[in-house]
Amino acid sequence: MSTSIQVLVVGAGPVGTVLACELTQQGVRVRLIDRDERAGPADPHSRAILVWPRSLEVLRRIGASEALVAAGHRSSGVRYYSGGRLLGTADLGTLADSPYPFVLALPQSRTEQVLRRRLAELGGAVEHGVTLVDLDDTGERPVATLRHADGTIERATADYVVGADGPASAVRTLLGIRFDGDPVDVTYAIGDVVVGGPAPADLQYYYSRHGVVALVPLGGGRFRIAANVPHRDVADGPPPRELLQRILDERARVPLTITDLLWTRSFRPRLGLAETFQKGRCFLAGDAAHVISPAGGQGMNVGFQDAVNLGWRLGGVLRGRLPATALSGYDPERRAAAARMSRTSAAQARFALQRGTARIALRDAAFIAGRAAGLVRRILVPLLSQTDVHYGSAGTHPLAWRRGPVQPGQRVPLAGMPPLAPYAFTMLLWPGSRTPTGWAAAVARLRSKAPADMPVHDLSATAGRARRALRRALGARPRVAVVRPDGHLSRLTPLHTT
Ligand SMILES: Cc1cc2nc3c(=O)[nH]c(=O)nc-3n(C[C@H](O)[C@H](O)[C@H](O)COP(=O)(O)OP(=O)(O)OC[C@H]3O[C@@H](n4cnc5c(N)ncnc54)[C@H](O)[C@@H]3O)c2cc1C
């Protein structure tokens, strides 16, 4: 059997499903296949649990954020303890420029359900029981060999193929793309539990000389416990309740008792980063492209931004709105963002796993000093929430942050803003601190000059919190900001009213 399509997405995990939503919404003919024959989420057990603010911002593009928020449990911040003492709080409520100033706890299986439902609403579907077994990228268009559950073999020719097929990606292997990783050898024990006692309302990280444990409220009295453990403690199977209770007692030192163990598992991730996210007309996204330390709970969130970044480019090119060269921005932007998140997640894990009294005292003192200097609010909160993801050359170091107007490639604040065009560039006209004379005429002039498919928004009426966020982002003087479909700044130029 031979078929022809515009885009073949291999893997209907969270990342492949978001990409399929993006493309379906733009009217692109896309097929989303998954080797799993079950119609439910690919992994019945919950892996990712945290959805960070920037993910909710970008998932607004496909109309999925509100359903996710309604299904999940919000934590307003992350509290860090050491030896039972509070070191500081990463308060996501300080993200004044985001419509989602909180972290959402939602089991990955539920996240996948919400995304698949959204795909169905948009007119798409997952093809279950279809496995990619070969990929020939030597011709003008890639040809995928697909094996159906009944044994039928199909050769599908596609304009583009995207591998969103997880850490052991067949697409990556068949394209011969190397996958290198840091030799971080840590075993994690996780469990979803019901606890009795004074349970915390927010996400907690407890550092201790025995290791670290994270306690994530899931709502309804349920919690996710995640902790590093010696390999030998879980060599005989999933972590038992006694182990998780001992971890809580020793590391968190809070009077909580596990009354019910709902689900438990241990795992030893193999971290890695693909040497490239694009080969010709084939792309990698999500865990197929990067496996990040689970310590920061960021892996799936990085994948969402891959899907969105690739989605508007692929859709634009296939609909003839963007030149094919627009696709070449995907690999450098997303590989740099994933590499940066790999480094910072690994650094967080090392920071948490200090051993020895002197090192622990030093780590705690560094945290407290950093908090006093405002670094938790200025660096840690944007890093965790992924609102600091940027595609410019400026500030690629994890500890870099900028003052002054946003630079090309940085995220433009969304709170209180008119919606950006999802598949076109948007022009924002910002009057600065005080609206200058001649403003209305300048707005009319710029509107008449803008390309037909570029919405133009006059921001002079913005008030309150949103205005303050825009003042911080766009500066005190009148400016024209051209913003990409994914909310990153393309150009910022002075706006002259005379
Ligand atoms: C224990 C654990 C906890 C985690 N916690 C977090 C967290 O809190 N926050 C976070 O952001 N991330 C977390 N992660 C990471 C997160 O689970 C992954 O980043 C996420 O699942 C990646 O999604 P994906 O769609 O790229 O790949 P996957 O979810 O792996 O989906 C890949 C899909 O491809 C299909 N497939 C594979 N091969 C083929 C083939 N040849 N043909 C057809 N289909 C194929 C599979 O069946 C699967 O459905 C955690 C991971 C683990 C293991």
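In β21, L273 finds its bridge partner in H290. This is a predicted model, and that pair is a handy way into a small sheet. L273 belongs to the stretch covered by β18, residues 272-274, and two bridges tie β18 to β21, with the two strands running antiparallel. Zoom out a little and you get three strands making an open sheet, ordered β12-β18-β21, with antiparallel pairing. At the edges sit β12 (179-180) and β21 (290-291), each of which pairs on one side only. As a reminder, strands of a sheet pair through backbone hydrogen bonds, and they can do it parallel or antiparallel.

Follow the chain on from β21 and you get a loop that leads to α7; G296 lies in that loop. Is G296 buried or exposed? Its relative accessibility is 1%, so G296 counts as buried. Setting aside neighbours within four places in sequence, G296 is in contact with W52, Y205 and Q348. Then there's A214: G296 is 82 residues from A214 in sequence, yet their C-alpha atoms are 9.9 Å apart in space.

Now for the ligand. There are 30 residues around it, and the ones that come nearest are D34, R47, Q108, D287 and M300. Three polar contacts with the ligand are worth a look in the viewer:

| Residue | Protein atom | Ligand atom | Distance |
|---|---|---|---|
| D34 | polar side-chain atom | oxygen | 2.5 Å |
| L132 | backbone N or O | nitrogen | 3.0 Å |
| D287 | polar side-chain atom | oxygen | 2.7 Å |

How much of the ligand does the protein bury? Taken alone, the ligand exposes 1,000 Å², and the protein buries 91% of that. Which elements give two or more residues to the shell around the ligand? They are α1 (14-25), β9 (130-136) and α7 (299-318).

Last stop is helix α11, which spans residues 439-449 and has W439, A442, V443 and L446 buried. Why do these four end up on the same side of α11? Because they cover an arc of only 100° around the axis. Look at the face turned away from that buried side and you'll find the exposed residues A440, A441 and S448. As for what the helix leans on, the buried residues of α11 pack against three strands: β22 (426-430), β23 (456-458) and β24 (479-483). So if you colour α11 by exposure, W439 and L446 are among the buried ones, while S448 is one of the exposed residues on the face turned away.

Notes: Residues numbered from 1 in each chain as written. Predicted model: local features only at pLDDT ≥ 70, side-chain atom pairs only at ≥ 80, totals over all residues. Heavy atoms only, no water. Buried < 20%, exposed > 50% of the residue type's maximum accessible area, 1.4 Å probe, protein only. Arc of directions from axis to C-beta. Contact = heavy atoms within 4.5 Å. Pairing = 2+ DSSP bridges. Near = heavy atom within 4 Å. Polar contact = N/O pair within 3.5 Å; in protein donor to acceptor, adjacent residues only side chain to side chain. Areas by Shrake-Rupley, 256 points an atom, 1.4 Å probe, with all protein chains shown as cover.
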